[in-house]
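Here are my notes on this model, set out point by point. Please read them with the structure open beside you.

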Amino acid sequence: LVVGFLVLKPMYDENKTKEKALADLRVEIAKLIPLVKTERDLDANIEQLKQQLERQRVLVPDDKQVDQFMHILQEQAAAADIEIRRYTAKPVATRGDYSEVPFEIDLDGTYAGVVSFFEKVARLERIINIGNLQMANPARQPDAKTKKKYNYAPGESVVASCTATTFFSRTPEAAPVAPPAPVKK
């Protein structure tokens, strides 16, 4: 009996302590299980938001990408069988979280080609607004407010000038740090 008390009692007490610790861990695990599901949901949500951000960057890029913008317009003009004769960059206008990059453009072609060009631009993923549209037939080219008269092909029935505006997201610039004021003694 004494041997059992001296040998078994410490083992029994240790088992009770470990059972209590195990019970405490099970309670803690039970509290954490819902958090695992929440974490999975958050991870899925983060992934979805990253995809949305990438899509937004197509619509409104992080920087001007002027060369890409001009290539896009030129491709649409070629597909519509019209000519873009002039691009003139206008000042960038900063608006809150984004900036507008306008270009005056002169174009000419058939009426159907010009309409097709504007339809193609409207269907692009990148946001491009067309405004200040002035159209005329080639014989009345000044009415379209184009900057120059070109040798128009016989089938061309429309000359036009307009403003094509694209956008880019503007990252806020860090405020300049003011130098410390001199200490007066």
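Is T165 buried or exposed? T165 is buried, because its relative accessibility is 11% and the cut-off for buried is under 20%. Bear in mind throughout that this is a predicted model.

1. **T165 and its surroundings.** T165 sits in strand β5. Setting aside neighbours within four places in sequence, T165 contacts E100, V101 and P102. The same residue also contacts I127, I128 and N129. One of these partners can be given a distance: the C-alpha atoms of T165 and N129 are 5.1 Å apart. Along the chain, T165 and N129 are separated by 36 residues.

2. **S161, also in β5.** S161 belongs to strand β5. It counts as buried because its relative accessible area is 7%, against a cut-off of under 20%. The C-alpha atoms of S161 and D106 lie 4.4 Å apart, although 55 residues separate the two along the chain. D106 is also among the contacts of S161 beyond four places in sequence, together with I105. The other contacts are N132, L133, Q134, A144, K145 and T146.

3. **Overall layout.** The chain has three helices and five strands. In sequence order the pattern is α-α-β-β-β-α-β-β. Of the 185 residues in the chain, 26% are buried. Take the contacts between residues at least 6 apart in sequence: 68% of them join residues at least 24 apart.

4. **The main core.** The largest nonpolar core holds 21 residues. Which of them touch the most other members? They are L73, I84, I105, L107, F117 and I128. Four elements each supply at least two residues of this core: α2 (66–80), β3 (98–109), α3 (111–122) and β5 (158–169). A separate core has five residues, including A136, Y150, Y152 and V159.

5. **L107 in detail.** L107 is one of the core residues that touch the most other members. Its contacts, leaving out neighbours within four places in sequence, include I82, E83, I84 and R85. V114 and F117 are on the list too. So are V158, V159, A160 and C162. V159 also appears in the second core.

6. **Helix packing.** How do α2 and α3 pack? Their axes are 8 Å apart, at an angle of about 140°. The two helices are therefore oblique to each other; the roughly antiparallel class needs an angle over 145 degrees. Their crossing is right-handed. On the α2 side, the contact is made by L73, Q76, A77, A79 and A80. On the α3 side, G113, S116, F117, K120 and V121 take part. L73 and F117 are also among the core residues that touch the most other members.

7. **Aromatic pairs.** How many aromatic pairs does a search of the whole structure find? It finds three. One of them is formed by Y98 and F167. This pair is edge-to-face, with 5.9 Å centre to centre and 65° between the planes. Y98 is in strand β3 and F167 in strand β5, so the pair links parts of the chain 69 residues apart. The two rings' residues fall into separate accessibility classes. Y98 is partly exposed, because its relative accessibility is 33%. F167 is buried, because its value is 10%.

8. **Positive phi at D81.** Most residues other than glycine have a negative phi. D81 is not a glycine, yet its phi is positive, at about 60°. Where does D81 lie? It is in the loop between α2 and β1 (83–89). D81 counts as exposed because its relative accessibility is 65%.

9. **Positive phi at N132.** N132 is a residue other than glycine that has a positive phi, near 50°. It is found in strand β4 (residues 128–136). Is N132 buried or exposed? N132 is exposed, because its relative accessibility is 60% and the cut-off for exposed is over 50%. N132 is also one of the contacts of S161, which is itself buried.

Note on methods:
Residues are numbered from 1 along each chain as its sequence is written. This is a predicted model: local features need pLDDT of at least 70, side-chain atom pairs count only at pLDDT 80 or more; totals for chains, interfaces and linings use all residues. Side-chain values use heavy atoms; hydrogens and water are left out. A nonpolar core is a set of buried Ala, Val, Leu, Ile, Met, Phe, Trp, Tyr and Cys residues joined through side-chain atoms within 4.5 Å. Buried means under 20% relative accessible area, exposed over 50%, partly exposed in between (1.4 Å probe, protein chains only). Contact means heavy atoms within 4.5 Å. Rings of Phe, Tyr and Trp (its six-membered ring) pair if their centres lie within 6.5 Å; planes under 30 degrees apart count as stacked, over 60 as edge-to-face and the rest as tilted. Axes are lines fitted to C-alpha atoms, for helices over the stretch in contact, and angles run from 0 to 180 degrees between N-to-C directions. Angles under 35 degrees count as roughly parallel, over 145 as roughly antiparallel, 65 to 115 as roughly perpendicular and the rest as oblique. A crossing is left-handed if the near helix is turned anticlockwise from the far one by less than a right angle, and right-handed if clockwise.
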